[in-house]
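Trainee: I've just opened this one and could use a tour. Can we go through it together?
Mentor: Sure, ask away once it's on the screen.

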Amino acid sequence: MAITKNNQGHWRIEGTILYPKINVPYWYDSKAINPNNPDKLGMSIPVEKTDKRGGYECNLIISNDDAKELATLMRQAFAESPKVKDMVWAISVPKNDGSGMTEQVKVSTLDHIFAKDENDEQIDRWIIKMRQPCYGDPKTKPIQVDKNGVPYPDDFELTTGSKAFVNVLLDPYSFSGGTGVGIRPKGFFITHLAPKMERKETTNPLDQFSDLVPSNGFEDLAATPKAEAPSPFATEAPKTETVILGDQSVEVPTASQDFDDEIPF
């Protein structure tokens with residue numbers, strides 16, 4: 001579907017939701033310990049709606065045609081914005097000399113501004129990154145409505161794989177490291193809500209080395225269930241003796257020789 005403009009002047013894009021973080025604002029803390037990757041510092045953490053560092057983040061997977069059209073609209077927005085007058089839209093890329101340094105390159109291809117979506121169908125799709133800074137104002141949160149136009153509650157959590165139309169504002173900017181065009185999500189019209197995927201428990205990373213762990217010599221005991229100790233309250237089966245009555249033999253209880261439990265009169 002072609003990108004259209006809504007009645008508020010925002011561009012409307014159709015796509016598949018990826019990694020939404022719009023239930024609350026998030027801020028990237030470069031010193032936070034990532035529980036999914038403890039060896040690497042840095043992760044997005046939730047912050048208050050009044051925290052000026054925070055923002056509402058969401059990626060959107062769009063078609064190749066829409067990516068081309070969006071790139072053209074972004075280039076046009078940059079050229080018309082007084083905030084970046086007489087500036088060049090450029091990004092930092094690694095130099096090819098192996099020095100580890102970067103250089104500024106003028107934006108000229110889709111992969112300069114979007115990430116390629118790797119998919120099993122081998123379909124040309126692109127991932128756009130959207131972020132709406134909250135500026136410390138709770139009213140900046142993007143609205144989210146279902147396919148009937150009914151707003152979702154404030155604590156609603158959008159899910160990866162959902163389908164939506166997203167109204168965005170194209171916002172050219174400049175900073176000390178260069179220039180760019182921010183894609184600011186203003187509202188989500190959710191046509192299909194994907195089920196929430198629960199994180200699976202990871203297996204113990206040491207399990208793959210279990211065959212190398214030396215034996216402790218007690219495996220046979222650990223694998224054999226222990227015999228239960230006899231109950232101190234168990235009652236013995238009554239003892240009997242055989243008595244001959246005529247031509248028949250009859251089993252009769254043996255007279256007890258233990259009088260400890262008898263009550264004297």
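Mentor: One thing before we start: this is a predicted model. Let's begin with Thr140, which has a relative accessible area of 18%.
Trainee: OK, so is Thr140 buried or exposed?
Mentor: Thr140 counts as buried, because its 18% falls under the 20% cut-off.
Trainee: And where does Thr140 sit?
Mentor: Thr140 is in the loop between strand 8 and strand 9, the latter being residues 143–145.
Trainee: What does the side chain of Thr140 reach?
Mentor: The backbone oxygen of Cys134, at 3.2 Å.
Trainee: Which residues is Thr140 in contact with, leaving aside neighbours within four places in sequence?
Mentor: Tyr56, Gln132, Pro133, Cys134 and Tyr135.
Trainee: Switching topic: how many residues are in the largest nonpolar core?
Mentor: That core has 36 residues. Among those with the most contacts inside it are Leu70, Phe114 and Phe188. As background, nonpolar side chains in soluble globular proteins tend to be buried together.
Trainee: Which element gives the most to this core?
Mentor: Helix 1, with seven residues. Other elements that supply at least two residues each include strand 2 (11–33), strand 8 (125–133) and strand 11 (178–192).
Trainee: You mentioned Phe188. What is Phe188 in contact with, again skipping neighbours within four places in sequence?
Mentor: Its list includes Ile17, Ile22, Cys58, Met130, Pro142 and Phe165.
Trainee: Back to helix 1. Ala71 caught my eye; where is Ala71 placed?
Mentor: Ala71 lies in helix 1, which covers residues 64–80. Ala71 counts as buried because its relative accessibility is 5%.
Trainee: What does Ala71 contact beyond four places in sequence?
Mentor: Leu110, Ile113 and Phe114. Take Leu110: it is 39 residues from Ala71 in sequence, yet their C-alpha atoms are 7.1 Å apart.
Trainee: Now pockets. What volume does the second largest pocket have?
Mentor: About 460 Å³. Of the 20 residues lining that pocket, the closest to its centre are Ile113, Lys129, Tyr173, Val181 and Gly182.
Trainee: Ile113 again! Which element supplies the largest share of the lining of the second largest pocket?
Mentor: Strand 11, with six residues. Strand 8 and strand 10 are among the elements that supply at least two each.
Trainee: How many of the lining residues are nonpolar, polar and charged?
Mentor: There are 13 nonpolar, four polar and three charged residues in that lining.

Conventions
Residues numbered from 1 in each chain as written. Predicted model: local features only at pLDDT ≥ 70, side-chain atom pairs only at ≥ 80, totals over all residues. Heavy atoms only, no water. Helix = DSSP H or I, 4+ residues; strand = E, 2+ residues; numbered from the N terminus. Buried < 20%, exposed > 50% of the residue type's maximum accessible area, 1.4 Å probe, protein only. Contact = heavy atoms within 4.5 Å. Core = buried A, V, L, I, M, F, W, Y, C linked by side-chain atoms within 4.5 Å. 1 Å grid on protein atoms, 1.4 Å probe; cavity = no way out; pocket = protein on both sides within 12 Å on 5 of 7 lines; lining within 4 Å. Points joined across faces, edges and corners; volume = space filled by probe spheres on them. Nonpolar A, V, L, I, M, F, W, Y, C, P; charged D, E, K, R; others polar. Polar contact = N/O pair within 3.5 Å; in protein donor to acceptor, adjacent residues only side chain to side chain.
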